[in-house]
Amino acid sequence: MEILQIVGLGLIGTFLALILKEQKTSFAFLLTLVIGISIFLFLIDQIALVLRMLQHLAEEAHINLMYVETIMKIIGIAYIAEFGAQITKDAGQGAIAAKIELAGKILILVMALPILSIIIETVINLIPR
């Protein structure tokens with residue numbers, strides 16, 4: 001029932017942020033940031049579990065770990081960019097949030113290029129000449 005703890009923390013943080021927003025806007029934002037980071041830290045063990053499980057599955061399936069590591073990095077970039085963009089949006093900086101999202105997308109594309117090139121090479125080698 002970890003989700004109940006996370007939702008409870010989020011609701012309490014939201015309630016306190018709404019109260020603080022009327023008095024001290026900067027404190028309300030800091031509270032929002034602390035709650036967001038706390039939720040992320042609360043999930044670190046679950047993230048590590050997923051990473052270990054995927055690595056184990058890749059080893060069992062005899063998949064090159066480079067591919068799995070690259071995909072995990074891509075997923076990590078997506079989550080971190082989303083987290084940063086949401087925090088920035090909460091601070092009222094939508095334009096900066098959009099730039100964070102764009103940077104995340106470009107970094108994902110860069111990380112995916114080696115895998116895409118291997119896929120293209122494999123498809124070309126399968127085509128009879």
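## Nonpolar surface patch

In this predicted model, nine side chains come together at the surface: I37, F40, L41, F42, L43, I44, I47, L51 and F83 form a nonpolar patch of about 720 Å². Two elements supply two or more residues each, namely α2 (25-42) and α3 (44-60). The largest share comes from α2, which provides four residues.

I47 may serve as an example of a patch member. This residue is located in helix α3. Its relative accessibility is 37%, so I47 is classed as partly exposed, because that class spans the values between the buried limit of 20% and the exposed limit of 50%.

## Annotated transmembrane regions

An unreviewed UniProt entry lists residues 27-51, 63-81 and 106-127 under "transmembrane region". The model can be compared with two of these spans. Residues 63-81 are 89% helix and 0% strand, and the C-alpha atoms at the two ends are 28 Å apart. For residues 106-127, the helix content is 95% and the strand content 0%, with a distance of 31 Å between the end C-alpha atoms.

## Surroundings of T88

T88 belongs to helix α4, which covers residues 65-90. Is this residue buried or exposed? With a relative accessibility of 15%, T88 counts as buried, because the limit for that class is under 20%.

Which residues does T88 contact, once neighbours within four places in sequence are set aside? The partners are Q93, I96, A97 and I100. Helix α5 comprises residues 94-126, and the contacts of T88 include I96, A97 and I100 from that range.

## Salt bridge between α4 and α5

Side chains of opposite charge can pair when their charged atoms come close. The count of salt bridges in the model is one. The side chains of K89 and E101 form a salt bridge, with an N to O distance of 3.3 Å. K89 lies in helix α4 and E101 in helix α5, so the pair ties together parts that are twelve residues apart in sequence.

How accessible are the two partners? K89 has a relative accessible area of 38% and is partly exposed. E101, at 23% relative accessibility, is also assigned to the partly exposed class. Both values fall between the limits of 20% and 50%, which means that neither K89 nor E101 is classed as buried or as exposed.

Terms used:
Residues numbered from 1 in each chain as written. Predicted model: local features only at pLDDT ≥ 70, side-chain atom pairs only at ≥ 80, totals over all residues. Heavy atoms only, no water. UniProt positions renumbered as here; feature names shortened; annotations may be inferred. Patch = residues over 30% accessible without salt bridge, like charges linked within 9 Å, V, L, I, M, F, W, Y side chains within 5 Å. Areas by Shrake-Rupley, 256 points an atom, 1.4 Å probe, with all protein chains shown as cover. Salt bridge = Lys/Arg side-chain N within 4 Å of Asp/Glu carboxyl O. Buried < 20%, exposed > 50% of the residue type's maximum accessible area, 1.4 Å probe, protein only. Contact = heavy atoms within 4.5 Å.
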